[in-house]
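Please look over the sequence and the model below before reading on, and keep both at hand while following the text.

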Amino acid sequence: MKEAPLTLYVVDDDEALRRSLLLLLFSQGLAVQAFASGEAFLEAVDLRQPGCVILDLRMGAMSGLTVFEHMRSKHSPLVTVFLSGHGDIPTALDAVRRGAYDWVQKPDTQQLLDKLPAA
């Protein structure tokens, strides 16, 4: 029996980018859910389930790093790929040192697609 595909979560407050990523990832045959905020993501998702989170760094009230730290505190198996147009090298290195899988600059969707299979 074939295992169900892991869910991919997109957490980004930029509605246009979130929608375009959703369409792109759906077109790749991936199971995707999108959230407009870190708070909405944390309320809706079971952090004990495996999957992958594409997480924007800068969002409204709760930053992507804050969401990531919350997931880490719960020992979540979710793999995190940060996506940001505002990232800098020290922030990216810090996130990876803390356990993030990788970092992709917006709007490089091809680089993101290249990294997802391994993530």
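What follows is a walk through this predicted model, moving from one helix to the next and ending with a pocket.

A good place to begin is helix H1, which runs over residues 15-27. With 13 residues at 1.5 Å a residue, H1 should span 18 Å, and this agrees with the 18 Å that separates its end C-alpha atoms. Which residues of H1 are buried? They are Leu 17, Arg 18, Leu 21 and Leu 25, and because they cover an arc of only 100° around the axis, they are placed on the same side of H1. The face turned away from that buried side carries the exposed residues Ala 16, Arg 19, Leu 23 and Ser 27. On the buried side, the residues of H1 pack against several other elements, namely strand S1, strand S2 (31-35), strand S3, strand S4 (79-84) and helix H5 (109-115).

One residue of H1 deserves a separate look, and that is Leu 25, which lies in this helix. Leu 25 has a relative accessible area of 0%, and because buried means under 20%, Leu 25 counts as buried. Once its neighbours within four places in sequence are left aside, Leu 25 is in contact with Leu 8, Val 10, Leu 30, Val 32, Ile 54, Leu 113 and Leu 116. Leu 25 can also be set beside Thr 109, for the two are 84 residues apart in sequence, while their C-alpha atoms are 9.8 Å apart in space.

Thr 109 itself is found in helix H5. Is Thr 109 buried, partly exposed or exposed? Its relative accessible area is 32%, which lies between the limits of 20% for buried and 50% for exposed, and therefore Thr 109 is partly exposed. Apart from neighbours within four places in sequence, Thr 109 is in contact with Leu 21 and Leu 24. Another pair to look for in the model is Thr 109 and Leu 83, which are 26 residues apart in sequence and 9.5 Å apart in space, C-alpha to C-alpha.

The path now turns to helix H3, in which Gly 64, Val 67, Phe 68 and Met 71 are buried. Seen down the axis of H3, these buried residues fall within an arc of 100°, so they line one face of the helix. They pack against helix H2 (38-44), S3, S4 and H4. Before H3 comes Met 62, whose place is in the loop between S3 and H3. Not counting residues up to four places away in sequence, Met 62 touches Gly 38, Glu 39, Leu 42 and Val 67. The C-alpha atoms of Met 62 and Asp 102, by contrast, are 20 Å apart in space, and the two residues are 40 residues apart in sequence.

On the other side of H3 in the sequence, the helix is followed by His 75, which lies in the loop between H3 and S4. Most residues other than glycine have a negative phi. The phi of His 75, however, is near 55°, a positive value in a residue other than glycine. His 75 has a relative accessibility of 71%, and because exposed means over 50%, His 75 counts as exposed.

Helix H4, which covers residues 89-97, has Thr 91, Ala 92 and Ala 95 as its buried residues. These cover an arc of only 100° around the axis, which puts them on the same side of H4. The face of H4 turned away from that side carries the exposed residues Ile 89, Pro 90 and Arg 97, whereas the buried residues pack against helix H3 (64-73), S4 and strand S5 (102-105). Just after H4, Gly 99 takes a positive phi of about 120°.

The last stop is the largest pocket, which has a volume of about 220 Å³. Twelve residues line this pocket, and the closest to its centre are Leu 6, Leu 8, Leu 30, Cys 52 and Leu 116. Which elements give two or more residues to the lining? They are strand S1 (7-11) and strand S3 (51-56). By class, the lining has nine nonpolar and three polar residues, and no charged ones. Several of these names return from the account of Leu 25, since Leu 8, Leu 30 and Leu 116 are among the residues in contact with Leu 25.

Notes: Residues are numbered from 1 along each chain as its sequence is written. This is a predicted model: local features need pLDDT of at least 70, side-chain atom pairs count only at pLDDT 80 or more; totals for chains, interfaces and linings use all residues. Side-chain values use heavy atoms; hydrogens and water are left out. On a 1 Å grid over the protein atoms alone, a cavity is a set of points where a 1.4 Å probe fits but cannot get out, and a pocket is an open set with protein on both sides within 12 Å along at least five of seven lines; lining residues have an atom within 4 Å of a point. Grid points are joined across faces, edges and corners, and a volume is the space filled by probe spheres set on the points. Helices (H or I, at least four residues) and strands (E, at least two) are DSSP runs, numbered from the N terminus. Ala, Val, Leu, Ile, Met, Phe, Trp, Tyr, Cys and Pro count as nonpolar, Asp, Glu, Lys and Arg as charged, and the others, Gly among them, as polar. The expected span of a helix is 1.5 Å times one less than its number of residues. Buried means under 20% relative accessible area, exposed over 50%, partly exposed in between (1.4 Å probe, protein chains only). The arc is that of the directions from the helix axis to the C-beta atoms. Contact means heavy atoms within 4.5 Å.
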